[in-house]
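This briefing covers the nonpolar core, the aromatic side chains and a surface patch of one chain. The topics follow below the structure.

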Amino acid sequence: MVIFERRTRRGTSSLGCLISIILLAAAAYYGIHVGQVYFRLYQLQDVRESEARLAPSLKDDVIHRRLAATSDSLLGRTLTFDIKRANKITIHTEYSDSVDLPFFKHTFHFKPRVEEPL
């Protein structure tokens with residue numbers, strides 16, 4: 001004779017799983033949108049570093065034009081870049097990028113700066 005023991009599941013494991021999935025999806029949704037802000041920052045930083053390395057052979061107006069085109073394509077607006085030359089080149093800018101999500105609105109302020117010897 002086989003006796004089956006009846007287990008009662010009051011939905012606790014199913015509810016816990018559902019809550020975990022909802023939290024994971026929310027974290028991914030918010031993380032992707034905030035991550036895009038930092039990804040644009042790193043792309044812009046990479047272009048500035050490349051322009052700073054090429055600075056000995058480029059004029060400032062060419063650097064301004066390239067950086068303005070990059071910022072326009074990444075951010076949808078043209079940024080102002082300060083370029084200073086002495087025994088090194090310094091490229092500096094300030095800008096804000098914002099995230100507007102449900103329950104979360106934040107404006108990120110960045111002041112990226114690149115220095116390279118000439």
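Leaving aside neighbours within four places in sequence, Ile63 is in contact with Glu51, Ala55, Leu58, Ile83, Arg85, Ile89 and Ile91. The model is predicted. Ile63 is also one of the four residues that touch the most other members of the largest nonpolar core, and two of its contacts, Ile89 and Ile91, are named with it there.

**Nonpolar core**

- The largest nonpolar core has 21 residues.
- Ile63, Ile89, Ile91 and Tyr95 are the members that touch the most others in this core.
- Two or more residues come from each of these elements: α1 (12–53), α2 (60–75), β2 (88–92), β3 (95–101) and β4 (104–110).
- The element that gives the most is α1, with five residues.

**Aromatic side chains**

- There are six aromatic pairs in the structure.
- One of them joins Tyr95 and Phe110, with 5.4 Å centre to centre and 45° between the planes, and is tilted.
- This pair links distant parts of the chain, since Tyr95 is in strand β3 and Phe110 is in strand β4, 15 residues apart.
- Tyr95 counts as buried because its relative accessibility is 5%, which is under the 20% cut-off.
- Phe110, at 10% relative accessibility, also counts as buried.
- Phe108 and Phe110 form a stacked pair, because their ring planes are at 10° and planes under 30 degrees apart count as stacked; the ring centres are 6.3 Å apart.
- Phe108 has 9% relative accessibility and therefore counts as buried.
- Tyr95, Phe108 and Phe110 belong to one aromatic cluster together with Tyr38.
- Tyr95 thus appears under two topics: as a residue among those touching the most other core members, and as a member of the aromatic cluster.

**Nonpolar surface patch**

- Leu15, Leu18, Ile19, Ile22 and Leu23 make a nonpolar surface patch of about 490 Å².
- Within this patch, Leu18 lies in helix α1, the element that also gives five residues to the largest nonpolar core.
- Is Leu18 buried, partly exposed or exposed? Leu18 counts as partly exposed, because its relative accessibility is 47% and the exposed class begins over 50%.

Methods. Residues are numbered from 1 along each chain as its sequence is written. This is a predicted model: local features need pLDDT of at least 70, side-chain atom pairs count only at pLDDT 80 or more; totals for chains, interfaces and linings use all residues. Side-chain values use heavy atoms; hydrogens and water are left out. A nonpolar core is a set of buried Ala, Val, Leu, Ile, Met, Phe, Trp, Tyr and Cys residues joined through side-chain atoms within 4.5 Å. Buried means under 20% relative accessible area, exposed over 50%, partly exposed in between (1.4 Å probe, protein chains only). Helices (H or I, at least four residues) and strands (E, at least two) are DSSP runs, numbered from the N terminus. Contact means heavy atoms within 4.5 Å. Rings of Phe, Tyr and Trp (its six-membered ring) pair if their centres lie within 6.5 Å; planes under 30 degrees apart count as stacked, over 60 as edge-to-face and the rest as tilted. Patches are made of residues with over 30% relative accessible area and no salt bridge: like charges are joined within 9 Å, nonpolar side chains (Val, Leu, Ile, Met, Phe, Trp, Tyr) within 5 Å. Accessible areas come from the Shrake-Rupley method with a 1.4 Å probe; for residues, only the protein chains shown count as cover. A salt bridge is a side-chain nitrogen of Lys or Arg within 4 Å of a carboxyl oxygen of Asp or Glu.
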